[in-house]
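Here is a note for a colleague who is meeting this structure for the first time. Please keep the sequence and the model in view while reading.

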Amino acid sequence: MPEANSNNIFLVGLMGSGKTTIGRLLARRLGKRFVDSDHAIEARTGATIPWIFEIEGEPSFRRREAEMIRELTGQDGIVLATGGGAVLDAASRALLAERGTVIYLRAGIGSILQRTSHDKNRPLLQTADPRRKLEQLLAQREPLYREIADLVIDTGRPNVQSMVQTILEQLDALDGGRARRAKAASMNQATQAAHLTLNVDLGERSYPIAIGPGLLADPAALLRHVGGHKAAIVTNTTVAPLYLEQVAAPLRAAGKEVVEIVLPDGEEHKQWGSLMAIFDALLANKCDRKTTLIALGGGVIGDLTGYAAASYMRGVPFVQIPTTLLAQVDSSVGGKTGINHPLGKNMIGAFYQPRAVLADTSTLDTLPARELAAGLAEVIKHGAILDGAFFDWIEANIERLVARDPLALAHAIARSCEIKADVVRKDEREGGLRAVLNFGHTFGHAIEAGLGYGAWLHGEAVGCGMVMAADLSQRLGLIDAASCERLRKLVRAAGLPVVAPDLGQARWIELMEVDKKNEGGAIKFILLKPLGSPSIASVPQETLHATLAACIVQDTPH
């Protein structure tokens, strides 16, 4: 078998992800020869891909494809656009991984449907429900794409030149170790996932989400987003000993004055006193409008720092560096910032977008198991309300996620961020659609406020809240009993509570009446209709009381 050939670039991804268009331009920019494996098969056989599928069948086409991949990967100095299913063959995956740099071009289902809607040369999409087919293909193939990818590029942006420039910059940034992650005998044993950059498209407030291991070890990853001569790092007593110096040292080496603000850890400290402590430090150190605030920690630190950035001098830039799974998949993305009030969670705050989100997945290695489970609640939420195929994937891979399998976590984080970024793009300030991201939160926030902030982690409360919302959905006839039980089992498998505390029905109602989604005094719930799709509605009081009675067990400690 030939030595790994760094002169070759191999593009993988679903049909319609832009492999041919981007590949041609990338080859020109790099001075390489462009090859499309599907076109090569058609040239050799004299038949179109749809014809081969129809006459010979898919298994025969896959054999031809594997032979072509084996031949083309042996060449030198090429940019190769592979077929979407080329990675299904284990030998082809091994050859691609060993003989060049693999770039996974990742596109959302909506983008692919738009690009392929009039293309009759996609035999797998000649079906009554092409969206469902694409969801199935993504769930099956994305782990295989990630298994061999050196880079993951989001191709949702319309500007091809910009995407190619991003690829060129990331190729330049790859050093030998990152370009050649230990790709030895079994790639299923890979311990490092590829880096991925997504974009939250909000016009002039757009920003990147960088996801991957080792980001904190790359000084340029943060420095490019820090202007001015001062930076203030806000963190907590748990995270500071682990990562504060690693973040601060490169900033100081670049000539920045660094202010370190270390707050107590815990949801109970997401309040006015902590916000004032941040302002005290900023004023004492004469921080100006060009000072960049850096949130280094979980959701509490991110929300506090974001609100401080939105308010200090009427707005200064800030960067999110989330170190918990919950923050990486949810709270760091979208610009929601704020603090709690004794009468309601997150009732005081602002919408304020960061300059960037840097999610270093290596920080999850030090995350306590309880915090990991709390983050999985938000992952499950994204699948339950907006992506049935993703929910199916979570069910099939929950043991890998709990065991912190790097590739499984990378996929869960990327897909969650992609879902949330798409929602935020359509509804930044929660005028309608974005409210669906609060699935499980009406019940969950009541648990947190009723027990006292910090008694349950936010993700634990949301996990239990999703079970309650599913029960309510079933009672209203929106989902069947099987779907309700699937969600309950998955929440339990993630290590989350599925039985609610007994706050007393009157107290439950009182707490849920203090919710940002409510209108005209009516409690609004995010429900399932069906599993994988959301519905927003008020519900009859007797139905709500029945759900509370069913989901609460007397004297249930957590």
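The points below go from the whole chain to a single residue.

1. The model is a predicted one, and the reader may wish to begin with its secondary structure, in which the chain carries 22 helices and 16 strands. The radius of gyration is 24 Å, close to the 24 Å that the globule rule gives for 558 residues, so the chain is as compact as a globular protein of that length.

2. As for overall dimensions, a box of roughly 75 × 60 × 40 Å, taken along the principal axes, is filled by the C-alpha atoms of the chain. Of the contacts between residues at least 6 apart in sequence, 75% join residues that are at least 24 apart.

3. Turning to the surface, the accessible area of the chain comes to about 21,800 Å², and carbon and sulfur atoms account for 51% of it, while buried residues make up 58% of the 558 residues.

4. On charge, the chain has 60 positive and 62 negative side chains, and the centres of these two sets lie 4 Å apart.

5. One residue may serve as a local example: D330 belongs to helix α14, which covers residues 325–331. Is D330 buried or exposed? With a relative accessible area of 8%, which is under the 20% cut-off, D330 counts as buried.

6. Which residues does D330 contact, once its neighbours within four places in sequence are left aside? They are E378, K381, H382 and K420. In addition, D330 and V379 are 49 residues apart in sequence, and their C-alpha atoms are 8.2 Å apart in space.

Conventions
Residues are numbered from 1 along each chain as its sequence is written. This is a predicted model: local features need pLDDT of at least 70, side-chain atom pairs count only at pLDDT 80 or more; totals for chains, interfaces and linings use all residues. Side-chain values use heavy atoms; hydrogens and water are left out. Helices (H or I, at least four residues) and strands (E, at least two) are DSSP runs, numbered from the N terminus. The radius of gyration is taken over C-alpha atoms; the globule rule is 2.2 Å times the number of residues to the power 0.38. Buried means under 20% relative accessible area, exposed over 50%, partly exposed in between (1.4 Å probe, protein chains only). Contact means heavy atoms within 4.5 Å. Accessible areas come from the Shrake-Rupley method with a 1.4 Å probe; for residues, only the protein chains shown count as cover. Lys and Arg count as positive and Asp and Glu as negative; His and the chain ends are not counted. The place of a charge is taken as NZ of Lys, CZ of Arg, CG of Asp or CD of Glu.
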